[in-house]
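Dear colleague,

I am handing over the structure below, and after it I set out what was found in it. Please read the notes with the coordinates open beside you.

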Amino acid sequence: MNKYIFNVEQVREIDRIAIEEMDIPGSELMERAGKRAFRSIRGLYENLPGILVLCGPGNNGGDGYVVALCALKEGMDVQVIFTEKPKSRDAKSMCQQYLSAGGIARKYDPGAGKLPLIGDVIVDAILGTGIKESPKGAAATLINAANDDWRPIVALDVPSGLECSAGVAFDPCVKAVMTVTFIGRKAGCYTADGRDQCGSVIYESLDVPLEEIGMNAFATLVEPLALEPRIHNSHKGRYGNLGILGGSAGMLGAVLLAGRAAMRAGCGLVTVVSERKHAGILAIHCPELMSLNCSAEEKVDRLLKKADGLVVGPGLDDGNWAHQAFSAASNYAGPVVVDAGALRLLATPSYRQRRDNWILTPHEGEAAALLGCASLDIRHDRFEAAREIARVYGGICVLKGSGTIISDSGDSAPKICDKGNPGMATAGMGDVLSGILGAHVSAGWSISDCAEFAVWVHSTAADHAAAQSSEHSLIASDVIDFLPMVYRTLETFSEKESSGTVIQK
């Protein structure tokens, strides 16, 4: 159950069931939350002299009073600043325990300016999960004061100001270095603004047995899949024959990146079909790639008959070759990865269609084009956008961005990837993902396994590359260079007889 993700309504229901049907007192859950959050804070800051805890009037504030009490018992300097006095019975109880132990709590004065210089870490326990609009009044002023402070912020459950089903950050919203979330993982912590506002996410179940509750997850985290070892008595044909259609004039780099990524992802044979000028020089940059002039219709037709899978779209504009490439992919019976320029064509009435064996890989702008809406609409509910694209167009939608979402056209819960970093916001990164996807669809994997696997591999390789250099200097080619490290790790899972799923090739 550790990989399962829930929306706000589901977490509230789980909380209710735990208290009313499983007879776990709300005060006990609050104590567990505060104590485990304090443990996580101490794990991050071992020699912490003190903390400043910001509390609201609800149960989130009650968690904060428990953290403050834990700090007080360890002899740390601690002070609570509250926007309002506790309103719930359990929060009142925790506040009273803290005060009875000698704790100091002062009401926040919005006109006071800077926060008290108590402690080296700020703990955010102001608003919790119930927010549906921008914070107002003292809560808003306190959030801004915390964000303007020099000290790092640790958020309890969710950063105050974050809508935690879709991951939209209201204004203002706490920007934390770490969020300790309780009972169930909140969907909004893993996508859209959530990843920036939450920092690293620590999950604490509070010993609530989710498996006994049996609630269907809103989404699940993408997990690595172990690779089956290759056999010695094999040849390149066993590992897929992939065609990549793309690269309009001036955009050779897109198909080159996709082709190189496909080769590094283990594809047996990759042929790039592109402009004549590209076909002639492709081997200079990557001699392992085959190439075809898009005007050589008979040769292209033969490729399409033999290919085990296609990637269409990297580096395509709206010219003649783009329309030719998309038409060829539309008539191809095998699995297809649709990216970039091909997605823009798919969104037009003349090319709009539905099929079950393709993977669509839109970013926010392309998703908006597919659904005929504004990019802001996609941003406000990425989960619903991914589901709707898959419902309308069929197959699998891989909605790229912060917390990439994978959704199919059925009733399965979407998958979300918690890997990847901001350095991936650079040209060519989607082409690399398309190449990895193409390698595995051409090797005969199901499109669902392929999408989940490729997204995880791509994001993990990017994290290794950024750790080696910098998020600011990360480029798409760097990710390809780190693919061997990631694949070696997955091979090791198999060698050690990992309990993870093994993909049969």
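The lining of the second largest pocket divides into 12 nonpolar, eight polar and seven charged residues. In this predicted model, that pocket holds about 640 Å³ of space, and of the 27 residues that line it, Asp15, Asn59, Asn60, Asp63 and Asp157 are the closest to its centre. Four helices each supply at least two residues of this lining, namely H1, helix H2 (26-44), helix H3 (59-73) and helix H4 (89-100). Asp157 deserves a second look, since it has a positive phi of about 75° although it is not a glycine; its place is in the loop between strand S6 (153-156) and strand S7 (162-163).

Strand S6 also belongs to an open sheet of seven strands, which has parallel pairing and the order S4-S3-S2-S5-S6-S9-S11. The edges of this sheet are strand S4 (105-107) and strand S11 (200-204), each of which pairs on one side only, and the twist from one strand to the next averages 20°. Between S6 and S9, which run parallel, there are three bridges, and Val154 stands opposite Met178 in S9. Helix H3, already met at the second largest pocket, packs on this sheet, where it touches strand S2 (50-55), strand S3 (77-82), strand S5 (121-125), S6 and S9, and its direction makes about 160° with that of S2.

One peptide bond should be noted before any preparation of the model: the bond from Asp171 to Pro172 is cis, with omega near 5°. Pro172 lies in the loop between strand S8 (168-169) and strand S9 (178-182).

The other sheet to describe is an open one of 12 strands with mixed pairing, in the order S10-S1-S12-S22-S21-S20-S19-S18-S17-S14-S15-S16. Strand S10 (185-186) and strand S16 (290-293) stand at its edges and have a single partner strand each, so one side of each is left without a neighbour in the sheet. Within the sheet, strand S20 (residues 396-399) and strand S21 (residues 405-408) pair in the antiparallel sense over four bridges, and the bridge partner of Cys397 in S21 is Ser407. Helix H1 (residues 8-20) packs on this sheet and touches strand S1 (4-6) and S10, with its direction at about 100° to that of S1. Helix H11 (residues 320-331) packs on the sheet as well, touching strand S14 (241-245), strand S15 (269-274), strand S17 (309-312) and strand S18 (336-338), and its direction makes about 150° with that of S17.

Which residues lie nearest the centre of the largest pocket? They are Lys400, Gly401, Ser402, Met424 and Ala425, out of a lining of 37 residues, and the volume of this pocket is about 890 Å³. By class, its lining has 11 nonpolar, 14 polar and 12 charged residues. Helix H6 (194-198), helix H13 (364-371), helix H16 (429-442) and helix H17 (447-468) each supply at least two of the lining residues, and the largest share, four residues, comes from H16.

As for the chain as a whole, it has 18 helices and 23 strands, and its C-alpha trace spans about 85 × 50 × 40 Å along the principal axes. A compact globule with 505 residues would have a radius of gyration near 23 Å, and the protein chain has 26 Å, which agrees.

With best regards

Technical notes
Residues are numbered from 1 along each chain as its sequence is written. This is a predicted model: local features need pLDDT of at least 70, side-chain atom pairs count only at pLDDT 80 or more; totals for chains, interfaces and linings use all residues. Side-chain values use heavy atoms; hydrogens and water are left out. Two strands pair if DSSP finds at least two bridges between them. Contact means heavy atoms within 4.5 Å. Axes are lines fitted to C-alpha atoms, for helices over the stretch in contact, and angles run from 0 to 180 degrees between N-to-C directions. On a 1 Å grid over the protein atoms alone, a cavity is a set of points where a 1.4 Å probe fits but cannot get out, and a pocket is an open set with protein on both sides within 12 Å along at least five of seven lines; lining residues have an atom within 4 Å of a point. Grid points are joined across faces, edges and corners, and a volume is the space filled by probe spheres set on the points. Ala, Val, Leu, Ile, Met, Phe, Trp, Tyr, Cys and Pro count as nonpolar, Asp, Glu, Lys and Arg as charged, and the others, Gly among them, as polar. The radius of gyration is taken over C-alpha atoms; the globule rule is 2.2 Å times the number of residues to the power 0.38.
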